[in-house]
2 protein chains.
Amino acid sequence: MTAVSVLGTGNMGTAIAGVFEKGGNAVQLLGSNDTAVPLSGEIVVLAVPYPAVGGVLAERGGELAGKIVVDITNPLNFETFDSLTVPADSSATAEIQAALPESRVVKAFNTTFAATLASGRVGGQPTTVQIAGDDADAKSRIAEAITAGGLNAIDAGALRRARELEALGFLQITLAAGEKISWTGGFAVQA
Amino acid sequence: MTAVSVLGTGNMGTAIAGVFEKGGNAVQLLGSNDTAVPLSGEIVVLAVPYPAVGGVLAERGGELAGKIVVDITNPLNFETFDSLTVPADSSATAEIQAALPESRVVKAFNTTFAATLASGRVGGQPTTVQIAGDDADAKSRIAEAITAGGLNAIDAGALRRARELEALGFLQITLAAGEKISWTGGFAVQA
């Protein structure tokens, strides 16, 4: 059992909290009005849109020191749907890790639509959460909490691979927005 | 029925030729010793590793004018498996299009391992070829030839999306090389 705080009560935050609850973890789900509530989780999921991350770090940065911080963002330019807002040779995760040097930051959940977290399926396939980060222990702790919740988890490599995960998340969103795939589908990971 | 030339007789070239043959297209499969053989295809697939593309363009550039050129490459640094060799804000496809201004260049087949082209399945799912490019007619001609061969095809957007397709191909190769997935699996596209 792991203590997990999820910051953000949107579709993704709610679905992620549901996965961890299903796995018997102690879950704290906090909305934007809960800034005075201390974080109980050793794992903290930033389930807010990328433009809101800076505000969360400004409020919670000190509290996040020593914790495992999970970045789920897809930093799309949502006006054009044609680019990411982070530098081409970087990633949202790398930017967040740079801002939180005392936290272990990992990328996860950015390639799984909310519906596939709730159902545990991407079409006919089990949902697989891809995890990238530089701290092996942080990745395996998260993988354990995810698989306890009935999903698959895969170590997608070092923090540098967050860039490719964000490209995958970006592409997946444009395909769904363009009705080439549905929001209950997407890229299934077939081992 | 479409005339297709496939340049490259490796795993990928052979598998791609097989898909088009299955679809009743007229397929010409050429190896590196066939440089004197004129191209019969209106669609030409560059099924060679990215470092070999420059040589093919030097030999065949003039002949490729007016044709649909399919770039299947994943321009990995195969020494490190940690980066691509094209600029972060570009793609192999964009570089090839720039070198072939009189051709219509599209990205395809870089996110499907050879085994999944041959079997038509990614695990339990049908194999889907993702196609990106700026010419809608070129994309639909290729999609038609692919679906005739029994696979799914999906329009993944403009040529700019080749960058994300290459990120996906890169990630998929690192996952297989790291034995997180098998070379018969990968990212299945679930509509």
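A polar contact is a pair of N or O atoms within 3.5 Å; within protein, one atom must be able to donate a hydrogen and the other to accept it. The exercises below concern a predicted model.

**Exercise 1.** Determine which side chain forms a polar contact with that of Gln125(B), and describe the surroundings of Gln125(B).

*Solution.*
Step 1. Locate the residue: Gln125(B) belongs to strand β7 of chain B, which covers residues 125-126.
Step 2. Apply the distance criterion. The side chains of Gln125(B) and Gln190(B) are joined at 2.4 Å, and the cut-off is 3.5 Å; the pair is a polar contact.
Step 3. Assess burial. Buried means under 20% relative accessible area; Gln125(B) has a relative accessibility of 8% and therefore counts as buried.
Step 4. List the contacts, setting aside residues up to four places away in sequence. Within chain B, Gln125(B) touches Gly120(B), Ala188(B) and Gln190(B). In chain A, Gln125(B) touches Gly124(A) and Gln125(A).

**Exercise 2.** State how chain B is superposed on chain A, and what relation between the two copies follows.

*Solution.*
Step 1. A turn of 180° with a shift of 0.0 Å along the axis lays chain B on chain A, at an RMSD of 0.0 Å.
Step 2. The two copies are therefore related as by a two-fold rotation axis.
Step 3. Both copies use the same surface, since 100% of the contact residues of chain B recur in chain A.

**Exercise 3.** Describe the strand partners of β4(A) and the crossovers that link them.

*Solution.*
Step 1. Strand β4 of chain A comprises residues 68-71. With strand β3 (residues 43-46) of chain A, β4(A) pairs in the parallel sense over 4 bridges. Within this pairing, Leu46(A) stands opposite Asp71(A).
Step 2. From β3(A) the chain passes through helix α2 (residues 50-64) of chain A to β4(A), in a right-handed β-α-β crossover.
Step 3. β4(A) also pairs in the parallel sense with strand β5 (residues 104-107) of chain A, over 4 bridges; here the bridge partner of Val70(A) is Val106(A).
Step 4. Together with helix α3 (residues 92-99) of chain A, β4(A) and β5(A) make a right-handed β-α-β unit.

**Exercise 4.** Establish whether the two faces of β4(A) are covered or open, and characterise the environment of Asp71(A).

*Solution.*
Step 1. In a regular strand, side chains alternate between the two faces of the sheet.
Step 2. Ile68(A) and Val70(A) lie on one side of β4(A), Val69(A) and Asp71(A) on the other; all are buried, and both faces are covered.
Step 3. For Asp71(A), the relative accessible area is 0%, so this residue is buried.
Step 4. The side chain of Asp71(A) makes a polar contact of 2.7 Å with that of Thr93(A).
Step 5. Beyond its neighbours within four places in sequence, Asp71(A) is in contact with residues including Ala92(A), Ile96(A), Lys107(A) and Glu166(A).

**Exercise 5.** Identify the strands that pair with β5(B), and give the sense of each pairing.

*Solution.*
Step 1. Strand β4 (residues 68-71) of chain B pairs with β5(B) (residues 104-107) in the parallel sense over 4 bridges, and Ile68(B) stands opposite Arg104(B).
Step 2. Strand β8 (residues 128-133) of chain B runs antiparallel to β5(B) and is joined to it by 2 bridges. In this pairing, Ala132(B) is the bridge partner of Lys107(B).
Step 3. β4(B), helix α3 (residues 92-99) of chain B and β5(B) make a right-handed β-α-β unit.

Note on methods: Residues numbered from 1 in each chain as written. Chains lettered and ligands numbered in written order. Predicted model: local features only at pLDDT ≥ 70, side-chain atom pairs only at ≥ 80, totals over all residues. Heavy atoms only, no water. Pairing = 2+ DSSP bridges. Right-handed = clockwise from strand over helix to strand, strands pointing away. Least-squares fit on C-alpha atoms with pLDDT ≥ 70 in both. Contact = heavy atoms within 4.5 Å. Buried < 20%, exposed > 50% of the residue type's maximum accessible area, 1.4 Å probe, protein only.
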